[in-house]
Amino acid sequence: MFGKLFGRDAERPDADPHALPVPRRQKNGTYPLRALGDTRVLALVEAADAGDWEAVKEALAPFDLGHDHAVLGQLADLDGVQDWIGPAVAEDKEHRATALLISGSRHISWGWEARTSARAVDVTQEQWRIFHERLEIAEEQLLEAAELRPDWVTPWRRLLTSGRGMSLGTAVNETRRDAALRRDPLDLDTHIEWVSQLQPRWGGEPGQALAFAREAFAGAPDGHRLGCVIAMAHIEEWVESDNRDCLQDPRIRTELREAAERSILHHSYERRLGWQGDYNIFAMALSLAGSSKASNVFRELDGVFTEWPWTFMADPQKAYARFRKAF
């Protein structure tokens, strides 16, 4: 009775049994998300960090690596995976596709680590050589993984990144995009990767990415996380612009607010593993636009910070904390 009077759901769902304990917050009330906030993902990361392929396979049991970009990203970004994954690729015939997927994804991240985020003109010849060497390995491994498992979407999304880095051209990358979207027409990670591909710094035309994002989200059901593609398209416009206040426009604020309300803030939105990343995308976009709706997003995050997409800023976590405080 009292639950109904005060608007609380008497049948509130149980707490997530796999949720990691909240770590000690920094003085600004924030903390970085670790292992997607999940004990099972942490076990996977720890097994990979130890170079224990048998333990990695066991820890992967609850996940579908061919469709779960977030879990694959935890392995792709983990330094040291490249040191032990080779024998798994060569020797484990039963799990060859999984080993190829992990190795190929890691080689892309490892390649970008060599290239760094510097402008192309500032990258040395040696950095370019290592970058392309690692991406070539990634290409070969991911294409084989995709051949072994035709239903998987994650190899095609990763091949978009390597194709962009190797300047393989529009036709090749469009083919890869279409291959990913045939497997999952609403796949957010593929859409976000294509938004990056359409930026002028990668050969796109101004306005292309936003038009693509709008068309994609228009066909998504209410409550779908694909709304993040709208937020990411505006963030990319901010990155491309010399005007740091370029998103401070009433029309942009309205579009971002409506996208948030129809996606992550909609009652049908499902908080799946890594949902905090979706919220961080909108937190940054709404903050840059000066939208008061950012406060709703920060409130739900309760201080949880993810590197992406704040890496576009000089000091990501401090930027997150600054905007959080402002709203």
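**Aromatic pairs, core and pocket**

F323 counts as buried because its relative accessibility is 16%, where buried means under 20% relative accessible area, exposed over 50% and partly exposed in between, computed with a 1.4 Å probe on the protein chains only. The model is predicted, so that local features need pLDDT of at least 70 and side-chain atom pairs count only at pLDDT 80 or more, whereas totals for chains, interfaces and linings use all residues. Residues are numbered from 1 along each chain as its sequence is written, and side-chain values use heavy atoms, with hydrogens and water left out.

The aromatic residues offer a way into the fold. The structure holds 10 aromatic pairs, a pair being two rings of Phe, Tyr or Trp (for Trp the six-membered ring) with centres within 6.5 Å, called stacked if the planes are under 30 degrees apart, edge-to-face if over 60 and tilted otherwise. In one of these pairs the ring centres of W53 and W84 are 6.2 Å apart and the planes stand at 45 degrees, so the pair is tilted. This pair links distant parts of the chain, since W53 belongs to helix α3 (residues 53-59) and W84, 31 residues away, to helix α5 (residues 81-91); helices (H or I, at least four residues) and strands (E, at least two) are DSSP runs numbered from the N terminus. Both W53 and W84 are buried, and for W53 the relative accessibility is 11%. The C-alpha atom of W53 also lies 7.7 Å from that of I85, a residue 32 positions apart from W53 along the chain.

Another tilted pair is formed by W310 and F323, so classed because the ring centres are 6.1 Å apart and the planes are at 40 degrees. Here W310 lies in helix α16 (residues 307-310) and F323 in helix α17 (residues 316-326), so the pair ties together parts that are 13 residues apart in sequence. W310 has 0% relative accessibility and therefore counts as buried. The two residues also belong to a wider cluster, in which ring pairs link F298, F305, W310, Y320 and F323.

Helix α16 holds a further feature of the backbone. Most residues other than glycine have a negative phi, and most peptide bonds are trans. P309 lies in helix α16, and the peptide bond that leads to P309 from W308 is cis, with omega near 5 degrees.

W310 appears again in the largest nonpolar core, which has 51 residues and in which V229, L256, F282, L301, W310 and M313 have the most contacts; such a core is a set of buried Ala, Val, Leu, Ile, Met, Phe, Trp, Tyr and Cys residues joined through side-chain atoms within 4.5 Å. Two or more residues of this core come from each of α10 (188-197), α11 (208-218), α12 (228-240), α13 (250-262), α14, α15, β2 (304-305) and α17. The largest share, 10 residues, is given by α14.

Loops that flank some of these elements hold residues with a positive phi or with a distant neighbour. In the loop between α15 and β2 sits D302, whose phi is near 55 degrees, a positive value in a residue other than glycine; with a relative accessible area of 40%, D302 is partly exposed. L36, in the loop between β1 and α2 (39-49), likewise has a positive phi, of about 60 degrees, although it is not a glycine, but at 11% relative accessibility L36 counts as buried. The loop between α13 and α14 contains S268, which counts as partly exposed at 39% relative accessibility and whose C-alpha lies 7.6 Å from that of H224, 44 residues apart in sequence.

Charged groups meet aromatic rings as well. The charged end of R134 sits over the ring of W110, 3.5 Å from its centre, where the criterion is that NZ of Lys or CZ of Arg is within 6 Å of the ring centre and within 35 degrees of the ring normal. In the same sense, the charged end of R262 sits over the ring of F217, 3.9 Å from the ring centre.
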